[in-house]
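Please open the model in your viewer and keep the selection panel at hand, since this tour goes from one selection to the next.

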Amino acid sequence: VVTYSVAVDACARAGGPTAVDQAFELVDEMQKYGLEPNIVTYNSLIHACARAKRTDMAFQVLNQMKMAGVTPDIVTLCSLVDACGRAGQIDSAFMAIRTLPREFPSLSPNVPAYNALIHACFKAQNINRMHDALQDMQDRSLQPNVVTFSTLISAYAACGEIERATATLRKMREVGIKPNRMTFTSIIAAYGQRGEVDLAMAMLDEAKRSCGEPDEELYTASLVAAVGGGRKELAMKVSKEMDRAGYVVP
RNA sequence: UAUACAGA
């Protein structure tokens, strides 16, 4: 069962429609051998559906597991919310996070589940619902983590709300959560969009100090900011660093 | 360390 679950998970990671089909075939196959999928197998299968944006299949798997007497857990819930989010179905995402815990009282939405919900709203470009999700999370006394804050910052960056993005960065620091490379990438993208190249470069320096060597995404965001702001010298400098770090300069 | 969430 573990072997098959690992294989199903590999399909989930591979992503895409072909991979989901393979994942379902694997589950059929294990059942032919008399092996019953367990919670991890089912959760991996739902994850594969999520990555393929197949919300319908994800909920079919949920029904299948209920029929088999396997009780959904918090990973199941998070994956289902994520599936709805990837497919742009935010109403379904809110419904899942509200109704599943009613059906299964052992289920209580956790921070990753709310993060998936917040990200769903972000992808649907619905800031109001994103704030609803955040509020629900706080009403449950769940503390936002680095993923929550980074998601919020990306969302604000995406809609040009740079003040909110920086305010969120400030707040996360106040509560003692250290921004990571992803967080810095989003903030730099926000500054880049606004043409605030110097502020973007200051954040790059800070990222280096607190997170070590930047990764490709972080460098790219910085480079895009410098180029977008027409700052050739800075763009050259970042390109050089990027090249020296072994990344292909876009 | 078999499964879930973030980098316009």
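Which helices each supply at least two residues of the lining of the second largest pocket? Select α8 (127–139), α9 and α10 (162–174), for each of these gives at least two residues to that lining. Please bear in mind throughout that this is a predicted model.

**The second largest pocket**

With those helices shown, add side chains for H131, L134, Q138, P144, F149, L152, Y156, R164, A167, T168 and K171, the residues that line the second largest pocket. The space in this pocket comes to about 180 Å³, and α10, with 4 residues, provides the largest share of its lining. If you colour the lining by class, you should find 6 nonpolar, 3 polar and 2 charged residues.

**The largest pocket**

Keep α9 (146–158) on display and add α11 (181–194), as each of the two supplies at least two residues of the lining of the largest pocket. The full selection to make here is V146, V147, S150, T151, S154, N180, M182, T185, S186, D215 and E217, and the volume of the pocket is about 220 Å³. It is α9 that gives the most to this lining, with 5 residues, while colouring by class shows 3 nonpolar, 6 polar and 2 charged residues.

**RNA strand B**

Next, select RNA strand B together with the 35 residues around it, of which N43, N115, A158, T185 and D215 come nearest. Two of these names, T185 and D215, will be familiar from the lining of the largest pocket. Among the strand atoms within 4 Å of the protein, 51% belong to sugar or phosphate, and the rest belong to bases.

For the bases themselves, three side chains are worth centring in turn. At N38, an N or O atom of the side chain is 2.9 Å from a base nitrogen of RNA strand B; at N43, an N or O atom of the side chain is 2.7 Å from a base oxygen of the strand; and at D215, a polar side-chain atom lies 2.8 Å from a base nitrogen.

Zoom out from these contacts to the elements that give two or more residues to the surface near RNA strand B, which are α1 (2–14), α3 (39–51), α5 (74–86), α7 (111–123), α9, α11 and α13 (216–228). Finish on α5, from which the largest share of that surface, 6 residues, comes, and colour the surface near RNA strand B by class, where 12 nonpolar, 16 polar and 7 charged residues appear.

Note on methods:
Residues numbered from 1 in each chain as written. Chains lettered and ligands numbered in written order. Predicted model: local features only at pLDDT ≥ 70, side-chain atom pairs only at ≥ 80, totals over all residues. Heavy atoms only, no water. 1 Å grid on protein atoms, 1.4 Å probe; cavity = no way out; pocket = protein on both sides within 12 Å on 5 of 7 lines; lining within 4 Å. Points joined across faces, edges and corners; volume = space filled by probe spheres on them. Nonpolar A, V, L, I, M, F, W, Y, C, P; charged D, E, K, R; others polar. Near = heavy atom within 4 Å. Polar contact = N/O pair within 3.5 Å; in protein donor to acceptor, adjacent residues only side chain to side chain.
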